[in-house]
Amino acid sequence: MCAVSPAVTIEPAISHWQKEPSMPSPPSLESALGAEPPASVLALPDGVQQQLAAHVETASRRQADLVSDAVDAAVRGVPLPVRGVVKRALLG
């Protein structure tokens with residue numbers, strides 16, 4: 001039989017000096033909109049503002065993805081050597 005040491009301790013998964021992994025903070029409404037929100041929107045409760053900011057961020061990412069896909073589809077007919085130039089012209 002194998003002897004078990006009585007002084008065996010189990011280390012915690014996260015030491016006291018390490019921070020627990022945290023969720024990213026929700027985007028602020030001002031950063032999501034790129035401007036100061038109207039007073040009527042600022043009058044909404046904080047939870048509603050956070051949800052609105054999250055929806056705006058999601059919509060912005062989706063729009064960027066759709067624009068990228070549309071540009072890619074548009075330049076498929078352009079000869080390969082000049083596609084980069086055409087993409088830059090389309091995207092500004």
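**A friendly note on a four-helix model**

1. Let's start with one pair of side chains: Asp-72 and Lys-87 meet in a salt bridge, with 2.7 Å from N to O. This pair links distant parts of the chain, since Asp-72 sits in helix α3 and Lys-87 in helix α4, 15 residues apart. The term salt bridge is used for a side-chain nitrogen of Lys or Arg within 4 Å of a carboxyl oxygen of Asp or Glu. By this rule the count comes to one salt bridge. As background, side chains of opposite charge can pair when their charged atoms come close.

2. Before going on, please keep in mind that this is a predicted model, where local features need pLDDT of at least 70, side-chain atom pairs count only at pLDDT 80 or more, and totals for chains, interfaces and linings use all residues. Residues are numbered from 1 along each chain as its sequence is written, and side-chain values use heavy atoms, with hydrogens and water left out.

3. How confident is the predictor? The score is pLDDT, given for each residue from 0 to 100. The protein has a mean pLDDT of 80, and 72% of its residues reach 70 or more. Confidence is lowest in helix α4 (residues 83-91), with a mean of 86, and highest in helix α2 (residues 39-42), at 94.

4. Now the overall plan: the protein has four helices and zero strands, so the pattern along the sequence reads α-α-α-α, where helices (H or I, at least four residues) and strands (E, at least two) are DSSP runs, numbered from the N terminus. Residues 24 or more positions apart account for 29% of the contacts with a separation of 6 or more; a contact means heavy atoms within 4.5 Å.

5. How much of the protein is buried? Buried residues make up 11% of the 92 residues. The words have cut-offs: buried is under 20% relative accessible area, exposed is over 50%, and partly exposed lies in between (1.4 Å probe, protein chains only). Both partners of the salt bridge are partly exposed by this scale, Asp-72 at 26% and Lys-87 at 30%. Helix α4 is hardly covered, with zero buried residues among its nine. After α4 comes Gly-92, whose phi is positive, near 80°.

6. Have a look at Leu-29, in helix α1 (residues 29-33). Leu-29 counts as buried because its relative accessible area is 6%. Setting aside residues up to four places away in sequence, Leu-29 touches Pro-37, Val-41, Gln-49, Leu-52 and Ala-53. Leu-29 and Gln-50 are 21 residues apart in sequence, yet 6.8 Å apart in space, C-alpha to C-alpha.

7. One of those neighbours of Leu-29 is Gln-49, which belongs to helix α3. Is Gln-49 buried or exposed? With 13% relative accessibility, Gln-49 counts as buried. Its side chain reaches the backbone oxygen of Leu-44 at 2.8 Å.

8. Finally, the surface: Leu-44, Val-48 and Leu-52 form a nonpolar patch with about 190 Å² of accessible area together. Patches are made of residues with over 30% relative accessible area and no salt bridge, joining like charges within 9 Å and nonpolar side chains (Val, Leu, Ile, Met, Phe, Trp, Tyr) within 5 Å. Leu-52 lies in helix α3 (residues 46-74) and is partly exposed, at 32% relative accessibility. Accessible areas come from the Shrake-Rupley method with a 1.4 Å probe, and for residues only the protein chains shown count as cover.

Terms used: pLDDT = per-residue confidence, 0-100. Polar contact = N/O pair within 3.5 Å; in protein donor to acceptor, adjacent residues only side chain to side chain.
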